Structures are given as C-alpha cells and as structure tokens.
Amino acid sequence: MASRLRQLAGVCLRLRVGVGRHFSCSTSARTSSCQALVYNSYGRPEEVVKLQEYPVSDVGAEDVAVEMKVCAVNPADINGIQGVYPMKPTFPAVGGGEGVGVVTSTGAAVSSMKVGDWVVPARTGMLGIWRTHIVAPEKEFFRIPQDIPVNLAATLTVNPETAYRMMKIFVTLKPGDCIIQNGANSGVGQNVIQLAAAWGISTINIIRDRPNLDELRTFLLGLGANEVVTEEVAGSYKMKELVEKYNRPVLGLNCVGGKSATNLMKQLAPKAVMVTYGGMSRLPVEVSTGSLIFKDLKLVGYWNGKWLQTNAHGTEHLSMMDDLCSLAQQGKLRPPLCSEHALRDYKTALVRAMEPFVGSKQLLIMNN
C-alpha cells in the first residue's frame, strides 16, 4: 500500500509505515539536539555504536531541516563502522547513508523544497543520517513523491541506483537482451530483476542453495526473473541448455567472485561485459585467457559511491531518480523485504544486518 504524508492541525506531520504504524514530528519549534547513532572508533558495530544526544545546527539561508523517518542499514554502513570501507569518517561519526525524511523547516534561499516534502540523501554515506533530525544544504537532498511506499523511499538510493547505473553505462541494452547475475537475491539483484522486467530484458539469476530455496525462487520469479538457478546448477552442464533458451547474455553482474564469477563468465556472449560490484565470497575473480582472447570479454568494476562523489548533484543523477520514482509509482519497482526496528533497538538491527541468509533489509524507525 502506498504510504502518504498529511498535515494535522497545522503543527504535526504523521507518516504511515506499513500497517497501523505512525510517527509524529513537530514543525513549530526548532530542534537544538537529536537522538543519533554515533561511533568514536572502529570496531564491532553492536559494541562501538551508541545511541546518544547529538547537536543540530541552526538552519542557514540555503539549508533545510529534516526529520528522518525511516533509515536503512546497508553493508556499506557496517563496513564503515568496522573501518574497512574506502570512505573514512571524522570522529565522532554518525552512521547511516540511506533513508527518507520530512522537511520541517527551510532557509530563506531554499526554492526547491517546502515543509512537508519527503526527501532522501543525494549522496549516500556522506551525511550520516542515523539521527532523528538533521540540518544540511538543500542540495544534499532530493525531493521525492509521497505516493510511493515508505519502505521503498527509505531504500531508494543505494541498491536501485547501483542496479540502474550498471544496466545503463556499460552496455546499451534493448528489449530482448539478456542479463546473467549471481547474488540475485541481494538488494541490487532484486532491483536488477525488476528494472529488467520493466525494460523488456530477460534475466538469468544465480543464488546460493539454502533451506528456503523454493520460497526464494518463487519470490524472485514474482519480481520478474526469467530463470533462477543455484550455484551448483550454474557450474554444471545443465547451464548451457538453460542459457540457450535466451539470447546469449551481453551483460554479467558479479557480486560474489571466485568460482561463481568464473561460471558466470562462461555463459556470456562474445564482447559481453562483466561488471563486478561486490565480493561476498572474498575470493578473487579468476578469468581464463581464452575468455579475453577468443571471446573478447570486458571486465570492469563499479562503485556507486565513487560515481556520486562527482555526480551527486548533476542532471544525470536527477534523471535517474525521476525514472526510479516513476517506476515505483507504477508498481514496477517494489520495496525489498524489510524488518523494522525501533531506534532504541538499533543493536538488533546491526547484528541482523551482518547475519548470513538474513533475507530482509533492516530498517530503523527513527522516532519510535
């Protein structure tokens, strides 16, 4: 059900998340402090992250004040707290890079936003949004429609953007083309499936075997996947026959590495591109000499965070956000499976985000 934002009695905004859950915020008084998830050193997230009071700056002429409503916990957030992510914070640091909030006040020079607008960060990982309130320049946020599911709004700027960019910049895809990917049940993988279905592109999706395999396969097929196979099948003789049902894949998306990436490459068309955007197996990508010489495959890497460093405020990024929001409004882009946690239960969310086969995105409900 699409969520909606409405103003009540002129002073209170209530945001509906899921069924029977509401959050309130005052728009009548300036907030000088907030609750935030802060860490002062690297380490185990559940040990070094603390919920504490944190200052909120005054609203300048070009600033907006935002009350964060729902924030996501992503692998990049965990890696950042552990100290193994390329972007390094200044301590004390507030965690979090993805979520949705409501504008509660605007500076005199702000022209693109007004009180009550829903906004998401323009640069994931740069603001530190695991806090109930934040003041930042107008350019650091994108205004988004209020008729999309709140859980999708809160998870719109990491996985959907990564999937969109990888499908747009390396190969000129057209209806009837085919993509093959591993880690297809990941957040990015689910978005690849949905974007491909919306654009008339077939997907062959590889996942690890697990106890709820049939349930997961049904879920991915429901998103629009054409084929869902296990890593064992992907490395067997059966894979050739399956791939031949489609045009040979011109794009491969790898977030696993190791043998999984090798098996993926074997199914690619000549001159195809394999994009590596993760390494969940922590094993290197190994490529045969023949794949480069005789198939002329191209291997590239992609990190959306790096692209955002120079393109966060550009027209290309704005156009992508418009496309993603439009697909969401049409019901062609759905929110991931989510587990919601009150802010005070943040440790549970952090621990769950690090568990294997967790199957859902961990969300922090910021004012509950």
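**Exercise 1. Find the aromatic cluster and the charge beside it.**

Solution. Tyr-39, Tyr-42 and Phe-91 make up one aromatic cluster. The model in which this cluster appears is a predicted one. Next, take Tyr-42 and look for a charged residue over its ring. Lys-88 lies over the face of Tyr-42, and the distance to the ring centre is 5.7 Å. The cut-off for a charge over a ring is within 6 Å of the ring centre, and the value for Lys-88 and Tyr-42 is 5.7 Å.

Another ring can be treated in this way. Over the ring of Trp-199 sits the charged end of Lys-168, 4.5 Å from the ring centre.

**Exercise 2. Describe two aromatic pairs and say which parts of the chain they join.**

Solution. Start with the count: there are five aromatic pairs. One of the pairs is formed by Tyr-85 and Trp-303, with 5.7 Å from centre to centre and 90 degrees between the planes. Planes over 60 degrees apart count as edge-to-face, and Tyr-85 with Trp-303 is accordingly edge-to-face.

Now place the two residues. Tyr-85 lies in the loop between helix H2 (75-82) and strand E7 (93-94), while Trp-303 lies in the loop between strand E17 (298-301) and helix H11 (304-311). These parts are 218 residues apart in sequence, so the pair ties together separated parts of the chain. Trp-303 is partly exposed, at a relative accessible area of 29%.

Then turn to Phe-170 and Tyr-302, an edge-to-face aromatic pair with 6.1 Å between centres and 80 degrees between planes. Phe-170 is in the loop between helix H4 (159-169) and strand E12 (178-181), Tyr-302 is in the loop between E17 and H11, and the pair links these distant parts, 132 residues apart. Phe-170 is partly exposed, with a relative accessible area of 24%, whereas Tyr-302 is buried, with 11%.

**Exercise 3. Examine the salt bridges and classify their residues as buried or exposed.**

Solution. Side chains of opposite charge can pair when their charged atoms come close. Across the whole structure, twelve salt bridges are found.

Step one: Lys-69 and Glu-67 form a salt bridge through their side chains, at 3.8 Å from N to O. Residues under 20% relative accessible area count as buried. Lys-69 is therefore buried, at 1%, and Glu-67 is buried too, at 4%.

Step two: Asp-117 takes part in a salt bridge with Lys-114, 3.0 Å from N to O. Asp-117 is buried, with a relative accessible area of 5%, but Lys-114 counts as exposed, at 52%.

Step three: Asp-117 also meets Arg-143 in a salt bridge, 3.8 Å from N to O. Asp-117 sits in the loop between strand E8 (99-106) and strand E9 (118-121), and Arg-143 is in strand E11 (residues 141-144); the pair links distant parts of the chain, 26 residues apart.

Step four: look for bridges that join up. Arg-44, Glu-46 and Glu-47 are linked in a network of salt bridges.

**Exercise 4. Which residues form a nonpolar patch on the surface, and where is Ile-293 found?**

Solution. The patch consists of Val-285, Val-287, Leu-292, Ile-293, Phe-294 and Leu-299. Together these residues have about 550 Å² of accessible area. Ile-293 is found in helix H10 (residues 289-293). A residue in a patch needs over 30% relative accessible area; Ile-293 is exposed, at 55%.

Conventions:
Residues are numbered from 1 along each chain as its sequence is written. This is a predicted model: local features need pLDDT of at least 70, side-chain atom pairs count only at pLDDT 80 or more; totals for chains, interfaces and linings use all residues. Side-chain values use heavy atoms; hydrogens and water are left out. Patches are made of residues with over 30% relative accessible area and no salt bridge: like charges are joined within 9 Å, nonpolar side chains (Val, Leu, Ile, Met, Phe, Trp, Tyr) within 5 Å. Accessible areas come from the Shrake-Rupley method with a 1.4 Å probe; for residues, only the protein chains shown count as cover. A salt bridge is a side-chain nitrogen of Lys or Arg within 4 Å of a carboxyl oxygen of Asp or Glu. Helices (H or I, at least four residues) and strands (E, at least two) are DSSP runs, numbered from the N terminus. Buried means under 20% relative accessible area, exposed over 50%, partly exposed in between (1.4 Å probe, protein chains only). Rings of Phe, Tyr and Trp (its six-membered ring) pair if their centres lie within 6.5 Å; planes under 30 degrees apart count as stacked, over 60 as edge-to-face and the rest as tilted. A charge sits over a ring if NZ of Lys or CZ of Arg is within 6 Å of the ring centre and within 35 degrees of the ring normal.
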